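Colleague: I'd like to go through this model with you and ask where the labels come from. Can you pull it up?

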Amino acid sequence: MSNTDFVNVKVEIYGKVQTIKMEKGCSFDAGSKRYSVNDNGKVSIFNKSTNKTTTADKISMTNHQFATFKAVANNTDEGLGNKWTLSIADIKEAMNKFKHGKLAKDLHEFLSKNYKVKNPKIFSNENKISAYVTNGKSKTSSVMTFQFNTGEVSNNNVVNNNNNSNDGLFSNPNIITEKAFQYTVKKGDDIVSLARKYEIDTYQIIAANPQLKEGKDYKVTYSKSECANIRCTLKPGTKITIPARYKVKKGSCKNLADVAKITGVSENYLKDLLTIIETRKPGVPDLTTYDDCIPRKGKGAPTIGFGHTGRVDGKPLSYAPGKKITITKEKAYELLAEDILKHEAMTVAYMGKKNWEKTPSSVKSAILDITYNKGIWDGFKNPNWNKYTKKIKRNLQDGHYASALCNTYRQSGVASLLERNIYRFISGLKDLPASKRKAAIKTFEPRYQRALKAMKKKKSLRDNVKLVQTAWANAKKGIVTGYKMKSGQ
């Protein structure tokens, strides 16, 4: 999703004017008028009472209409600098909230106490959702409706995670789904070698095969270094399922905006993610294979691109002399997109598709962040990570999202990521109700103070102390503006 997909729109609320952004293909009804962005970037206004369409530079709304608009626009962070940005993803998330009985509650958070939401409806065949907002007086009540054009969804490569196909999660035209298939176990096969061969996570294989039992078909033990050792007792001839895998079409990812469109996550989130991925220069891909464990050469994982490990075009990476490879920047972006898709598929395998779909967008970004950096769903890393991974899963399944965010900090307690852990926690709270945010911040306060103290002692982190303090102060005020906190907004 790029900035060119959006148009600046002026909104007047009782004489006061401010600017919002609307994505092409979105429209909303306020009372008797429908507002949409046309192909020329102008705002079209369709008047239902006169059946006429005009264009304008400004939209007029009442306070309660704008409050309803904000409730929908608040669903995702597009990272475009505007506080209120209405996108296709926002409307889809509002529809998702309706399906799980959370839409009215979300709207009430933005409306004043005098107003109530009545008779919310969803029209999935028309990609439309509506709600009747009233304070009991017909003159101040109105129907607010939001919808998006399906043609724009296809053109803008918005990922549809509600695909009913058993073979995949994503329907983006630039994503190639390698379908799940049945595999016959051969002599010498185990879960780890099969995961490595098919470039998936060990847990994905286990999740796809509920007939496999820990202690019977595989056993996990830990060495003194807390590294996991998985012993597998799969018998030759056993039938198991290798789950679906995802690749992107060659040439489909030329920049970060393309990655955002294909993966369905915000470009702002990706920019933040790339600042802490293990590249030798933050945000810049490594185009030649290198050892990611610089202090102990020969001990780390062969790495390339934006922290990619494993295989490239089916071949395992190596940093041994004569075996290093060099890739293009375009290939680095393709690998980044595939890694993100892999981690989302891994997350769905671990906690279940329905639980993932109902998770608020800001929490999803936080979970993807820690999954990309720590691989948390592969609970075989060490026993401590495994403990908190299970807590996060249980929290998310039960809808205890604030607790899940707290436990991501415990699970990723690496000293060099102190400020990152705080940002993840704060930004993950964005889509939660105000009462939940306040309670979570109060619970997290002692942990924040300890992290801040540790940052002040660590020379490489001192420059970020003020930024983290500002972010925390804003969070206490309820100012959550995106994946990272932005001072003064």
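Colleague: In what sense do strand β4 and β5 pair, and over how many bridges?

Modeller: Bear in mind that this is a predicted model. Strand β4 (residues 33-37) pairs with β5 in the antiparallel sense, over 5 bridges. Within that pairing, Val37 has Val43 of β5 as its bridge partner.

Colleague: What makes them count as paired?

Modeller: The cut-off is at least two bridges between the strands. β4 and β5 have 5 bridges, so they count as paired. β5 is also joined to strand β6 (residues 52-56) by 5 bridges, again running antiparallel. There, Asn47 stands opposite Lys52 in β6.

Colleague: Why is β5 called largely enclosed?

Modeller: Because 4 of the 5 residues of strand β5 (residues 43-47) are buried, the rest of the structure largely encloses the strand.

Colleague: Which strands make up the open sheet, and in what order?

Modeller: The sheet has 4 strands in the order β7-β1-β2-β8, with mixed pairing.

Colleague: What makes β7 and β8 the edge strands?

Modeller: β7 (58-61) and β8 each pair on one side only. On the β7 side, 4 bridges join it to strand β1 (residues 6-13), and the two run parallel. One spot to look at is Glu12, which stands opposite Ser60 in β7. Helix α1 packs on this sheet, touching β1, β2 (16-23), β7 and β8, and its direction makes about 110 degrees with that of β7.

Colleague: How do the side chains along β7 behave?

Modeller: They alternate. Ile59 and Met61 point to one face and are buried, while Lys58 and Ser60 point to the other face and are not buried. That fits the general pattern, as side chains in a regular strand alternate between the two faces of the sheet.

Colleague: Now the helices. Why is α11 called roughly antiparallel to α14?

Modeller: Helix α11 (residues 361-374) and helix α14 (residues 418-428) pack at an angle of about 155 degrees, with axes 8 Å apart. Anything over 145 degrees counts as roughly antiparallel, so α11 gets that label relative to α14. The contact is made by Ser362, Val363, Ala366, Asp369 and Ile370 of α11, together with Arg420, Arg424, Ser427 and Gly428 of α14. By class, that contact has 3 nonpolar, 3 polar and 3 charged residues.

Colleague: What about α15 and α16: at what angle do their axes cross?

Modeller: Helix α15 (residues 434-457) and helix α16 (residues 465-477) cross at roughly 170 degrees, and their axes come within 11 Å. With the cut-off at over 145 degrees, α15 is therefore roughly antiparallel to α16. On the α15 side, the contact residues include Phe444, Tyr448 and Leu452, and on the α16 side they include Val468 and Trp472. The contact of α15 with α16 divides into 9 nonpolar, 1 polar and 3 charged residues.

Colleague: Back to α11 for a moment. How do you know that Ser361 counts as buried?

Modeller: Buried means under 20% relative accessible area. Ser361 has 15% relative accessibility, so it counts as buried. The residue sits in helix α11. Setting aside neighbours within four places in sequence, Ser361 is in contact with Asn75, Thr76, Glu93 and Asp431.

Colleague: How many aromatic pairs does the structure hold?

Modeller: There are 13 aromatic pairs. One of them is Trp84 with Phe110, at 6.1 Å centre to centre and with 80 degrees between the planes.

Colleague: What makes the pair of Trp84 and Phe110 edge-to-face?

Modeller: Planes over 60 degrees apart count as edge-to-face. For Trp84 and Phe110 the planes are 80 degrees apart, which puts the pair in that class. Trp84 lies in the loop between α1 (63-73) and β8 (85-86) and Phe110 in helix α3 (residues 103-110), so the pair ties together parts that are 26 residues apart in sequence.

Colleague: Buried or exposed: what are the labels for Trp84 and Phe110?

Modeller: Trp84 has a relative accessible area of 12%, so it is buried. Phe110 is at 22% relative accessibility and therefore counts as partly exposed. The line between those labels is 20%.

Colleague: Which residues do ring pairs link into a cluster?

Modeller: Phe28, Tyr35, Phe66, Phe69 and Phe146.

Definitions and conventions. Residues numbered from 1 in each chain as written. Predicted model: local features only at pLDDT ≥ 70, side-chain atom pairs only at ≥ 80, totals over all residues. Heavy atoms only, no water. Axes fitted to C-alpha atoms, helices over the stretch in contact; angles between N-to-C directions. Parallel < 35°, antiparallel > 145°, perpendicular 65-115°, else oblique. Contact = heavy atoms within 4.5 Å. Nonpolar A, V, L, I, M, F, W, Y, C, P; charged D, E, K, R; others polar. Buried < 20%, exposed > 50% of the residue type's maximum accessible area, 1.4 Å probe, protein only. Phe/Tyr/Trp six-rings, centres within 6.5 Å; stacked < 30°, edge-to-face > 60°.
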